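Visitor: Hi! I'm new to reading protein structures, could you walk me through this one?
Guide: Happy to, let's bring it up.

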Amino acid sequence: MEVLEIVKTGLGASVQDLGRIGWKRFGVPPSGVMDPHAAAWANRLVGNSDGAPLLELLLQGAKFRVLTERRFAVAGAEAGARISAWHARSIARGEVLEFPRNQKGLWTYVAVHGGFEAGEVLGSSSAYPRGGIGRMLQPGDRLSAGSASDVLHVGESWTAWSEQRDYDAPPLSRVWRGPQWELFDPAEQRCFLDAEWEVSSRSDRVGYRLEGARLNAPAGEMRSEPVVVGSIQVPPNGQPIVTMRDGPTVGGYPKIGIVDPESLSWLAQCRPGVRFRWAPAE
Amino acid sequence: MRWTPCGPHAALIELAETDDAATRARSRAILRFLERERVRAIVDFSAAFDKVLLEFRTGEDVAALASQWMRKFSALKPVDAAASALHEIPVVYDGEDIAELAERHGLGVGEVISRHSAPIYEVVLLGFSPGFPYLAGLDPKLCTPRRASPRPRVPAGSVAIGGSHTGIYSIESPGGWHLLGTTPVRIFDPARREPDDEAMFLLRAGDRVKFVPAE
């Protein structure tokens with residue numbers, strides 16, 4: 001049943017789930033939600049499983065029209081919608097759901113009871129347009145949801161305070177030593193761990209560039225090797241790049257560290273200007 | 001064989017110090033084994049050159065599993081290139097960069113074509129974009145560093161040279177390799193789903209490729 005029409009996509013809207021796992025050997029990255037913590041809460045608030053397909057919005061500007069009364073939830077970055085972040089409630093047919101002003105974080109999640117229905121490719125509904133799999137949403141798209149349960153939810157529900165996140169104040173980001181940690185000079189290792197970092201505006205679902213210090217990469221070329229999401233590569237220009245969910249499956253730059261998956265959901269929401277520090281995970 | 005952790009849930013296994021035919025035969029054996037066995041504790045695996053990445057389920061003991069799997073891998077019989085699938089791929093050698101590349105190496109265009117279509121290449125990894133093969137076995141005379149400025153759009157099916165590898169663009173994407181020609185063969189096609197989703201990919205890591213000049 002059609003539940004939502006896209007009026008405006010804002011800076012970018014796509015359907016995502018927990019990603020396509022198991023295809024890395026074919027060069028297919030996992031994709032999926034950038035902030036699994038927020039996405040899981042959006043789904044839970046409307047009674048879905050954590051991995052149900054939902055909408056991921058970048059910053060602001062999206063506008064939707066509700067086609068069928070359903071329960072919707074918003075979580076992640078606060079963008080000024082009539083459902084505030086970390087809340088869920090029913091929205092009547094014909095009402096408009098708009099995200100005019102991003103206030104914190106980068107990615108906002110919109111879940112609907114029953115889950116959005118999008119075709120699966122390689123076991124996932126996650127859009128990965130760069131790789132020719134799925135596409136970004138466009139104005140005029142009408143999205144369907146799975147069938148509603150008989151249980152009638154009324155009123156508003158929200159995420160416990162302890163699970164809501166203030167993306168302007170990230171905690172220490174846990175980082176593991178990368179496969180090439182030992183190749184970095186001890187002074188570079190210290191510089192990496194001691195500096196205060198922020199995410200550059202030249203960042204996207206493929207990779208987050210970090211600013212804060214320039215690191216001297218170890219000399220010599222290395223052969224490309226498979227990489228995991230969260231790998232921190234240091235190219236010759238010394239500006240680290242974190243491999244994000246649409247990032248390449250192989251990389252040829254030395255990896256100084258790997259962001260812990262729990263911390264990566266925080267890092268994914270760090271806007272340029274938000275400072276964070278590393279804490280060794282070992 | 002040795003391993004290094006890749007975050008809390010993954011192990012990167014280094015098969016050997018060198019990337020040669022023997023290493024690739026071992027890598028091929030491991031890939032084919034994991035594809036056959038579908039191990040529950042391993043949620044994803046991939047290989048490139050001399051390394052194999054194992055990604056485990058959350059909560060598994062990575063150190064114990066890495067040692068256990070390395071023992072198992074050591075016992076596998078290497079699978080030589082000759083035992084893997086050979087794909088003949090037609091190429092129209094009309095690429096934008098072929099004349100420049102020929103001149104750079106002091107060769108005629110015809111010689112570039114014959115040298116590029118002579119070897120039987122090995123797929124050492126699929127990466128960069130879905131199904132994009134890095135092919136080893138390029139004639140040393142054709143090795144060419146990547147272009148200084150990548151093109152914003154390279155069409156799918158472009159056959160190209162980057163460094164000591166040749167490859168085929170699987171989708172339209174930005175790219176810095178030198179374009180030699182094009183193939184009509186769809187090496188990645190999301191609509192090709194029979195008998196299963198793996199049919200989207202024409203090539204697997206470890207397969208062999210031979211280019212056949214076409215009009």
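Guide: We'll talk about the domains of each chain and the nonpolar core, and keep in mind that this is a predicted model.

Visitor: Okay, which domains does chain A have?
Guide: The domain assignment splits chain A into domain 1 (2-163) and domain 2 (173-280). Their C-alpha centres are 28 Å apart.

Visitor: How many residues does each one bring to the contact?
Guide: Domain 1 of chain A brings 27 residues and domain 2 of chain A brings 18. Together the two domains bury about 1700 Å², with 51% of that on carbon and sulfur atoms.

Visitor: And how many salt bridges are there between these two?
Guide: Two salt bridges are counted between domain 1 and domain 2 of chain A. If you'd like a salt bridge to look up in chain A, try A:Glu56 with A:Arg205, where the closest N and O atoms are 2.7 Å apart. For polar contacts, 16 residue pairs turn up across the interface of domain 1 and domain 2 of chain A, both residues being at pLDDT 80 or more.

Visitor: Which elements of domain 1 touch domain 2 there?
Guide: H1 and S8 of chain A each supply at least two residues to the side of domain 1 that touches domain 2.

Visitor: Let's switch to the inside. How many residues are in the largest nonpolar core?
Guide: That core has 44 residues. The ones with the most contacts inside it are A:Tyr109, A:Phe192, A:Trp197, A:Tyr208, A:Val242 and A:Trp278.

Visitor: Which elements give two or more residues to it?
Guide: In chain A they are helix H1 (36-45), strand S5 (70-76), strand S8 (107-112), strand S14 (207-211), strand S19 (255-259) and helix H3 (261-267). H1(A) gives the most, with five residues.

Visitor: Where does this core lie relative to the two domains of chain A?
Guide: It lies between them, because domain 1 (2-163) and domain 2 (173-280) of chain A both give residues to it.

Visitor: Why would such side chains gather like that?
Guide: In soluble globular proteins, nonpolar side chains tend to be buried together.

Visitor: Can I zoom in on one residue? What is A:Tyr208 in contact with?
Guide: Leaving aside neighbours within four places in sequence, its contacts include A:Met34, A:Leu106, A:Trp107, A:Val199, A:Pro240, A:Val242 and A:Leu267. Apart from the largest core lies another one, of 34 residues, among them A:Phe26, A:Leu122, B:Ile113 and B:Phe188.

Visitor: Oh, chain B shows up there! Which domains does chain B have?
Guide: Chain B is assigned domain 1 (2-80) and domain 2 (84-214). Their C-alpha centres lie 27 Å apart. Nine residues of domain 1 of chain B are in contact with 10 residues of domain 2 of chain B.

Visitor: How much area do they bury between them?
Guide: About 870 Å², 48% of it on carbon and sulfur atoms. On the domain 1 side of chain B, B:Arg28, B:Arg32 and B:Phe49 lose the most area to domain 2, together 53% of what that side buries.

Visitor: And how many salt bridges between the domains of chain B?
Guide: Four are counted between domain 1 and domain 2 of chain B. Have a look at B:Arg28 again: B:Glu122 forms a salt bridge with B:Arg28, and the closest N and O atoms are 2.9 Å apart.

Visitor: Last one: which element gives the largest share of the domain 1 side in chain B?
Guide: H1(B) does, with five residues of the side that touches domain 2 of chain B.

Note on methods:
Residues are numbered from 1 along each chain as its sequence is written. Chains are lettered from A and ligands numbered from 1 in the order in which they are written. This is a predicted model: local features need pLDDT of at least 70, side-chain atom pairs count only at pLDDT 80 or more; totals for chains, interfaces and linings use all residues. Side-chain values use heavy atoms; hydrogens and water are left out. A nonpolar core is a set of buried Ala, Val, Leu, Ile, Met, Phe, Trp, Tyr and Cys residues joined through side-chain atoms within 4.5 Å. Buried means under 20% relative accessible area, exposed over 50%, partly exposed in between (1.4 Å probe, protein chains only). Helices (H or I, at least four residues) and strands (E, at least two) are DSSP runs, numbered from the N terminus. Domain bounds come from an automatic or database domain assignment. Contact means heavy atoms within 4.5 Å. Buried area is the accessible area (1.4 Å probe) that two parts lose on being put together, summed over both. A salt bridge is a side-chain nitrogen of Lys or Arg within 4 Å of a carboxyl oxygen of Asp or Glu. A polar contact is a pair of N or O atoms within 3.5 Å; within protein, one must be able to donate a hydrogen and the other to accept it, and residues adjacent in sequence count only if both atoms are side-chain atoms.
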